[in-house]
Structures are given as C-alpha cells and as structure tokens.
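Me: I have a structure open and would like to go through its annotated regions and its internal spaces. Could we take them one at a time?

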Amino acid sequence: MKVAVLGAGAIGAYVGAALHRAGADVHLVARGPHLAAMRQHGVRVLSPRGDFTARAHATDDPAGIGPVDFVFLGLKANSYAACGPLIEPLLHESTAVIAAQNGIPWWYFHRHGGPHDGHRVESVDPGGAVSAVLAPERAVGCVVYAATELEGPGVVRHLEGTRFSIGEPDRSRSARCAAFSEAMVAGGLKCPVEPELRGDIWIKLLGNISFNPISALARATMREMCLHGGTRRVIEIMMNETLAVAAALGCEPDISVERRLAGAERVGDHRTSTLQDLERGKPLELDVLLAAVVELADITGVPVPTLRTVHAISDLLASRAAA
C-alpha cells in the first residue's frame with residue numbers, strides 16, 4: 001500500500017508514522033523546519049502508549065512521489081480548494097482521498113439519498129472549487145478522535161485518543177475502507193469503518209461548532225468556558241440548535257448535550273485549534289464548523305438564532321485575522 005500524507009503536521013505525521021510502522025510505503029509532504037527535521041531524523045512520536053521513531057520518506061514535492069493508493073489529507077479544510085497542484089501528481093484512476101477534517105465536509109450530500117442528495121454546501125465548497133480539485137467520488141470520510149501537537153520540528157506529542165473513524169459517503173463497506181482500516185490497526189491505531197459516519201461527524205461537530213468560535217472570541221480554554229455559567233449556557237444552546245439541524249437532515253447522533261459538555265470539561269485547560277490559529281496569526285477554520293451549519297439550517301428551515309449570532313461575530317473576527 002502506497003500512501004501520501006499531504007499536510008504532515010501533528011495529525012498527519014502521527015498517522016504517517018503509524019502506517020509506516022505497519023509496513024506501508026509512506027510519503028510525508030511538508031515544508032520548512034518540520035520537513036528538514038523529518039528528513040534528517042524521521043518522525044519522533046512521544047506517546048503515553050510508547051515512544052517510537054518512523055523514518056518515512058519526507059518531501060515538499062509530490063511530483064517526486066507519483067501516484068498513490070491513498071492520500072491522507074492533513075490540511076485544514078480552508079486549504080482544500082488551493083491544493084490542486086499538490087494533489088494532482090498523487091492521483092491515479094482509483095486513488096482514494098482520506099479527508100481528516102473537522103466540520104461539514106464538501107462531500108456531505110454525495111450519495112446521501114433523500115431530498116438533498118447531491119446538494120453542494122456553498123460555505124465549504126464555494127462555487128464548486130473544492131469538488132473540482134477533490135472529486136467526491138474519491139472521498140472517504142474520516143473523523144479524528146486523537147489529540148496530537150507538534151512539540152518541535154519532527155516531534156509529535158500524542159496526548160490522547162487513537163480512533164480515526166472512516167466511512168464511505170454511500171454507507172457501503174468498501175474494499176478501500178477495509179484496506180486502509182487494516183493498515184491503521186496494524187500501526188497501532190483504531191480505525192473502525194462506520195457506515196453511518198455522518199453521525200460521527202455531528203458528534204465531533206457539537207464541540208467544534210461551539211467551543212472553537214467561543215474560545216477565540218473569549219480567549220478561553222475548554223475548562224474556563226465550561227465553568228463560566230453564562231458561556232456554558234450559550235454553548236448548550238448552540239449544541240441543541242446543531243442537533244436540531246442534524247435531525248432535520250435525518251441524522252440523530254447518539255450523544256446528549258450534557259455528556260458532551262462533561263467530556264469537554266474533563267479536557268481541562270486545553271486551547272482549541274481555532275484559538276491556537278488566532279494566536280499564531282493563521283486563518284480561522286470557521287466556515288466548515290459554523291457557517292456550514294447555518295447554511296444547512298437555511299435549507300431545512302430550522303431556527304438557529306444563537307448559531308447565527310455567534311457566526312456573525314466570529315466571522316468578523318476571522319475577517320480581521322485574515323487582513
């Protein structure tokens with residue numbers, strides 16, 4: 001199995017290291033000091049489950065890799081539309097793209113069935129720009145439940161979780177999902193194939209849609225948001241509105257708001273990825289997390305006043321951060 005990790009940051013390098021340990025032919029695409037360190041020393045994974053080093057091939061030139069069986073996308077979703085020159089050399093007729101993104105994916109309604117089958121979500125696929133680069137037929141969904149961070153160039157700190165749930169948009173148990181899952185498990189990770197992956201998408205989104213924008217607006221950690229009574233109430237309302245949109249689309253995630261809040265509080269003084277991006281001057285990945293659900297509320301007729309309010313304010317923050 002030949003795998004390219006496009007965007008081999010904290011999550012991408014962690015997955016690439018695990019697959020390399022399992023015997024896959026892995027190629028990590030990165031840049032800067034992180035790339036230089038991986039070239040010289042490999043990927044060093046520091047984990048409560050045991051440290052290890054994987055010396056996979058690392059490069060900044062996908063053309064030198066050639067076509068692969070799987071592309072694991074470790075890029076932020078707001079980079080997808082512009083990744084064409086990077087991903088095109090990696091594709092052959094049956095290359096699958098494992099999209100490890102938060103929020104609503106561009107392929108969400110591909111082979112969805114029902115009244116919205118084939119609908120394009122403008123917030124995540126503006127003008128079809130993402131679909132033009134990443135054909136929905138290639139997509140295998142992936143919901144990441146692992147937490148990692150780059151401790152330094154070439155060094156990944158694994159904090160918790162090893163589950164990477166994957167699934168086909170059409171809910172089938174495909175041979176390509178089975179093959180990728182088997183390789184991930186051989187590398188020490190959990191990778192269940194979920195026919196109803198959209199349920200996992202909404203469960204993960206419950207936290208991202210609320211904690212991520214609020215953390216950036218308030219400069220607050222997970223624990224701080226959970227312990228502040230007013231903020232906790234706003235987050236609870238946002239989660240309930242999100243569940244209402246999911247239900248209108250025929251998806252009812254098997255989790256309660258109370259359980260989701262309790263889990264977030266246990267995380268402690270963790271800064272969300274959106275807050276970290278804000279502090280580092282990076283673009284904020286809010287379209288797939290928040291704008292997309294507001295758009296889905298429009299097409300389903302579900303009232304989401306709190307989501308709309310937080311979206312309006314955080315959108316201004318995002319535009320100022322990008323200026």
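Reply: Certainly. UniProt, in an unreviewed entry, lists residues 197–314 as "domain: Ketopantoate reductase C-terminal". Please note that the model is predicted.

Me: How much helix and how much strand is there over residues 197–314?

Reply: Over that stretch the chain is 76% helix and 0% strand. The C-alpha atoms at the ends of residues 197–314 are 28 Å apart.

Me: And which residues does the N-terminal annotation cover?

Reply: The unreviewed UniProt entry places "domain: Ketopantoate reductase N-terminal" at residues 3–104. Here the chain is 25% helix and 27% strand, with 24 Å between the end C-alpha atoms.

Me: Let us turn to pockets. What is the volume of the second largest pocket?

Reply: The second largest pocket has a volume of about 290 Å³. It is lined by 20 residues, of which Asn78, Ser123, Leu284, Leu286 and Asp287 are the closest to its centre.

Me: Which helix gives the most to that lining?

Reply: α12 gives the most, with 5 residues. Both α11 (287–300) and α12 (305–322) supply at least two residues each.

Me: Which domains does the lining of the second largest pocket draw on?

Reply: Domain 1 (2–194) and domain 2 (199–322) each provide at least three residues. By class, the lining of this pocket comprises 12 nonpolar, 5 polar and 3 charged residues.

Me: Now for enclosed space. How many cavities of 30 Å³ or more does the structure hold?

Reply: There are 2 cavities of that volume or more. The largest has a volume of about 70 Å³, and the second largest about 30 Å³.

Me: What lines the largest cavity?

Reply: Its lining consists of Ala99, Gln101, Asn102, Gly103, Pro105, Trp107, Gly141, Cys142, Val143, Leu197, Ile201 and Lys204. Strand β8 (139–144) and helix α6 (197–218) each contribute at least two of the lining residues. The division by class is 7 nonpolar, 4 polar and 1 charged.

Me: And which residues line the second largest cavity?

Reply: That cavity is lined by Ala77, Tyr80, Gln101, Ile104, Pro105, Trp106, Val124, Val130 and Val288. Its lining has 8 nonpolar residues, 1 polar residue and no charged residues. Gln101 and Pro105 appear in the linings of both the largest and the second largest cavity.

How values were computed:
Residues numbered from 1 in each chain as written. Predicted model: local features only at pLDDT ≥ 70, side-chain atom pairs only at ≥ 80, totals over all residues. Heavy atoms only, no water. UniProt positions renumbered as here; feature names shortened; annotations may be inferred. Helix = DSSP H or I, 4+ residues; strand = E, 2+ residues; numbered from the N terminus. 1 Å grid on protein atoms, 1.4 Å probe; cavity = no way out; pocket = protein on both sides within 12 Å on 5 of 7 lines; lining within 4 Å. Points joined across faces, edges and corners; volume = space filled by probe spheres on them. Nonpolar A, V, L, I, M, F, W, Y, C, P; charged D, E, K, R; others polar. Domains from an automatic or database assignment.
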